[in-house]
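This report covers a protein–DNA assembly. It looks at the surface near one DNA strand, then at the contact between two protein chains.

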2 protein chains.
Amino acid sequence: MSTTGRGLHGRVLDTLGPEITAGTYPPGSVLRTDELAQRFDVSRSVMREVVRVLESMHLVESRRRVGVTVLPACEWNVYDPQVIRWRLAGADRPRQLRSLTVLRSAVEPVAARLAAENATAQQCAELTEAALGMVAHSRGHKLEGYLFHDVAFHRVILTASGNEMFARLGDVVAEVLAGRTHHDVMFHDPDPAAVTLHVQVAEAVRARDAERAERLTREITEGALQELDILAP
Amino acid sequence: MSTTGRGLHGRVLDTLGPEITAGTYPPGSVLRTDELAQRFDVSRSVMREVVRVLESMHLVESRRRVGVTVLPACEWNVYDPQVIRWRLAGADRPRQLRSLTVLRSAVEPVAARLAAENATAQQCAELTEAALGMVAHSRGHKLEGYLFHDVAFHRVILTASGNEMFARLGDVVAEVLAGRTHHDVMFHDPDPAAVTLHVQVAEAVRARDAERAERLTREITEGALQELDILAP
DNA sequence: GTGACATATAAGTCTGACTTTTTGTTTCCG
DNA sequence: CGGAAACAAAAAGTCAGACTTATATGTCAC
C-alpha cells in the first residue's frame, strides 16, 4: 500500500518519515545528514534528497552548522497524503482518524450540496450504482465489497462537487473508511440506517435537491462521528 | 513573501514550481534533469533535489529512460501551502480563490461550533480583541489594520476548534483574505454587516453557544462567496 | 559584561564516473 | 511476413570525494 516504494530514495523515506511522524525524535531533535546516510547505508546525495522532501513537508528544517531539526507537529503539512498515511500507520492513529472524520463532517455535506447542483448524468449514474452496490453487500459479512462501493460513493460526491479541493479529499476519505473497516469493527454488518441514507443521497442528487442532499449527508457524517465516540471516548 | 528562499535549491524551485502550476508545460510534457540543470546553471545534484520535491508534491513524475513528466492538475497536492502560493500568484488565481473560499465556507462554520465548545479563556480574549480591532479599523481606509485583525480572528477560530486539520488552514485563510484586500477591492471600507457578524461570533463563542457561532460564521462565509460572485461571475 | 574576532562544524555545492532500468530497434528464426 | 528474443541507447539513479559557505560558539581584549 505504501506508494513511494521505487528507488533507494523512496525506501529511506518510507522508514524515516514514519519514524518522525510517530514522534521517535521529539521536536527540536537534531539529526546529521552524514549519520543518517551511514545508518541507512546510502550516499549523502540520496540522503540529501530525502531530507529535502521531508523539509518540503515541514517535518524537518535543515540549517547550516546546525543539522536537520525535527519540527513540532503543529508545523507539519498534515494534508500531505504521504504524511496522512504515515500517521495513520503509527501510534496516534485514533486521534488522526478523529481529526479526519471531523474534517469529513465539515466538507462532505457541502460537497453533496454542490454535487446536487453540478453532477453530470454520468456521475449520477455512478452514484446510484455505488449506493445500490452498498445495499447489495450490506448483509452477510460482505464487508470488502461494501467498503469498495462506499469509497466509490464518497469519491463521486467529492468529485462531482466540481471543487478541486474537495475532489482531492477522495483519497483521504478512502483511507478513513478502509481504516474503519479493517481495524475498528469488522464484527457486525453496516448500520442499515446508514445504507438507506446513502441511497437517499443518491436520489437527492439525481433530483437536483441540493438542500436535501446536504442534510442527508450531514446525517451520514454525524453517524460516523458517533461511531468514533463509541469506540474511543 | 515567498518562503523557500534559502539556498540555490530554493531559488530554482521558486522559478520552476510556479511555471509548472501556471501550466507553462502542459501535462505529459517531458523535461530532462540535465537540460534543467543547464538552464538554471546549477549542478545536477541541486536539480535532482528540486525534482524530488516537485515529485513529492505530485507535480511531476520521474521515470528512468523517459525523464521528468509533468502531471495533470488533478494529481497535484493542492493543499500544499507552497503549491497554493504558487497558484495564487499565477494566472488562474480567480479560480483558485474560489476553490479556497468554498473550502472556507465548509470548514469555518464547523470550526466555529467546535471553538465555542473548546476555546480557552485566553482564546476567547484573543477573539474578542481581534473583533474589536476589526471594528476599530472598519472606517477610514485603514484596510491594512483591518486585514490584520481579520486574519487573527479566523486564525483563532480555526485553532480553538482543537482540530489540527482545521488549524492548519489558518495560513490558507490568511492568504485568501490578503488576496481579497490587495487585489480585488481596496476601494470601499469593509461591509459593516460583516464586521457586526464577527463581533457576534466572538460573543457566541464566549457564551459557549455553539449553534449560534456556527450559524453566524456560515453567514460570514456566505457573504464571502457572494462577494466573489459579484467580482467574477 | 560587551563587543570584535577567530575557529570549528555541518550543510551546501560541484564534478565526474559508474550502474540500472526501460524503451525502441534490430535481428533472426519459424 | 510475423513474432520473439537479443541488443543498444538514453536518461535517471547512485556513489565518492573535494571544495565552499554560513553560522554557532568560544576567546580575548577592553
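How many nonpolar, polar and charged residues does the surface near DNA strand D have?

## Model and numbering

This is a predicted model: local features need pLDDT of at least 70, side-chain atom pairs count only at pLDDT 80 or more, and totals for chains, interfaces and linings use all residues. Residues are numbered from 1 along each chain as its sequence is written, while chains are lettered from A and ligands numbered from 1 in the order in which they are written.

## Surface near DNA strand D

The surface has five nonpolar, seven polar and seven charged residues. Ala, Val, Leu, Ile, Met, Phe, Trp, Tyr, Cys and Pro count as nonpolar; Asp, Glu, Lys and Arg as charged; the others, Gly among them, as polar. A residue is near the strand if its C-beta atom, placed from the backbone, lies within 6 Å of it.

Of the 19 residues around strand D, G7(A), L8(A), S43(A), R65(A) and T33(B) come nearest. Chain A supplies at least two residues from each of α1 (7-21) and α3 (44-56), and chain B does so from each of α2 (33-40) and β3 (67-70). The largest share, three residues, is from α1(A). Helices (H or I, at least four residues) and strands (E, at least two) are DSSP runs, numbered from the N terminus.

## Contact between chains A and B

Chain B gives 23 residues to the contact, and chain A gives 23 residues. Two residues are in contact if their C-beta atoms, placed from the backbone, lie within 7 Å. On the chain B side, α3 (44-56), α5 (93-118) and α8 (164-167) each give two or more residues. The largest share, eight residues, comes from α5(B). By class, this side has 10 nonpolar, seven polar and six charged residues.

## Symmetry

A turn of 180° and a shift of 0.0 Å along the axis lay chain B on chain A with an RMSD of 0.1 Å. That is the relation of a two-fold axis. The same surface serves both copies, as 100% of the contact residues of chain B recur in chain A. Superposition is by least squares on the C-alpha atoms of residues with pLDDT of at least 70 in both copies.
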